[in-house]
Amino acid sequence: MQHKFSTTIGRKVRLGRLSVPVWAIAAAGLTIAAVAGQAVGPVLTGSVSGSAGLTVSQTVVLVEAPTFDTTGVVTFKGNAAFAVTTPDDSAATMNDEGTAFTVALETQVGQTSGIRLRLDNQSGKVANAILELSVPAGIDVEVDEVAGADVTLARLTKNTWLLTMDAVPDGSEDIRIIVESKDDAAPGFYTISGRIIQVAN
């Protein structure tokens, strides 16, 4: 029996002009079967992997770039009244996310200007944020909510205010920034920049 097996394994099979031993064909067949099994295994397990990007946007944002008050009297929610005049020249921009703005205005000594901010709460719940201003030397600012605003403000430091915004704002103007040049301010252009920073409820 063993002699018959050895004889069979030792035989050669003719493939065209080549002669290949039977044991080589058997070994090749076993190798192919083993490799095929390894390839089919992961396919049959049904495993899927992947990744997805996620962007979290800020809740309290500007609706539009800041605007300027025309000549007149501005009244705050706290009943303070300011007589403002239209700046000689001015410009305002905001970033694409509505979280930062820059205002440039030409002012004169003793002139008072008003800047209006319209905010939106996109969360559908009461939201909190910090308004932070960067104000150059020679300029005084006063910030408060306007009458009927959807915002409540409290001063934290000289140039930062904590604000709480209603869940469903009406889209009207919410905050006024009163800008007044000090007596020793040099005439010319001044730039005020601001950020709205989201804080946890």
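Visitor: How much accessible surface does the chain have, and what share of it belongs to carbon and sulfur atoms?
Guide: Keep in mind that this is a predicted model. The accessible surface of the chain comes to about 12,200 Å². Of that surface, the share belonging to carbon and sulfur atoms is 57%.

Visitor: And what fraction of the chain is buried?
Guide: Buried here means under 20% relative accessible area. The chain has 201 residues, and its secondary structure comes to 2 helices and 16 strands. Buried residues make up 31%.

Visitor: What percentage of the contacts with a separation of 6 or more comes from residues 24 or more positions apart?
Guide: Let's take one such pair: Ser 181 and Gln 108 are 73 residues apart in sequence, yet 6.8 Å apart in space, C-alpha to C-alpha. For the chain, counting contacts with a separation of 6 or more, the part from residues 24 or more positions apart is 73%.

Visitor: Now the sheets. Which edge strands does the 6-strand open sheet have?
Guide: Its order reads β7-β8-β16-β11-β14-β13, with antiparallel pairing. Neighbouring strands of this sheet are turned by 20° against each other on average, ignoring direction. Edge strands each pair on one side only, and here they are β7 (89-94) and β13 (151-157).

Visitor: How many bridges join β8 to β16?
Guide: β8 covers residues 100-107 and β16 covers residues 188-199, and the two run antiparallel. You can follow the register in β16, where Ala 100 has Arg 195 as its bridge partner and Ala 104 has Thr 191. The number of bridges joining them is 8.

Visitor: What about β11, which residue of β16 is the bridge partner of Ala 129?
Guide: β11 takes in residues 127-134 and pairs with β16 in the antiparallel sense over 7 bridges. Look along that pairing for Ala 129, and its bridge partner in β16 is Gln 198.

Visitor: There's an open sheet of 4 strands too; which strands are its edges?
Guide: The order is β4-β9-β15-β12, and the pairing is antiparallel. An edge strand pairs on one side only, which picks out β4 (67-68) and β12 (139-145).

Visitor: Which residue of β9 is the bridge partner of Phe 68?
Guide: β4 and β9 run antiparallel and are joined by 2 bridges. On its β15 side, β9 (residues 112-117) has 6 bridges to residues 175-181, again antiparallel. There, Leu 117 has Ile 175 as its bridge partner, and Ile 115 stands opposite Ile 177. Back on the β4 side, the partner of Phe 68 is Ile 115.

Visitor: Why is β9 described as largely enclosed by the rest of the structure?
Guide: Buried means under 20% relative accessible area. β9 is largely enclosed because the number of its 6 residues that are buried is 5.

Visitor: Which strand gives the most to the largest nonpolar core?
Guide: In soluble globular proteins, nonpolar side chains tend to be buried together. The largest nonpolar core here has 28 residues, and those with the most contacts inside it are Leu 119, Leu 131, Leu 163, Ile 175 and Ile 177. The strand giving the most to this core, with 4 residues, is β11.

Visitor: Ile 175 keeps coming up. Which glutamate does Ile 175 touch?
Guide: Leaving out residues up to four places away in sequence, Ile 175 touches a set including Leu 119, Leu 131 and Leu 163. Others in that set are Val 143, Asp 144, Val 151 and Leu 153. The glutamate among them is Glu 145.

Visitor: Is Glu 145 buried or exposed, and which backbone nitrogen does its side chain reach?
Guide: Glu 145 lies in strand β12. With a relative accessible area of 8%, Glu 145 is buried. Its contacts, leaving aside neighbours within four places in sequence, include Phe 76, Lys 77, Thr 152 and Asp 174. At 3.3 Å, the side chain reaches the backbone nitrogen of Leu 153.

Visitor: One last residue: what is the relative accessibility of Ser 181?
Guide: Ser 181 has its place in strand β15. Not counting residues up to four places away in sequence, Ser 181 touches residues including Thr 107, Gln 108, Val 109, Gly 138 and Ile 139. Ser 181 counts as buried, as its relative accessibility is 4%.

Definitions and conventions
Residues numbered from 1 in each chain as written. Predicted model: local features only at pLDDT ≥ 70, side-chain atom pairs only at ≥ 80, totals over all residues. Heavy atoms only, no water. Pairing = 2+ DSSP bridges. Buried < 20%, exposed > 50% of the residue type's maximum accessible area, 1.4 Å probe, protein only. Polar contact = N/O pair within 3.5 Å; in protein donor to acceptor, adjacent residues only side chain to side chain. Contact = heavy atoms within 4.5 Å. Areas by Shrake-Rupley, 256 points an atom, 1.4 Å probe, with all protein chains shown as cover. Core = buried A, V, L, I, M, F, W, Y, C linked by side-chain atoms within 4.5 Å. Axes fitted to C-alpha atoms, helices over the stretch in contact; angles between N-to-C directions.
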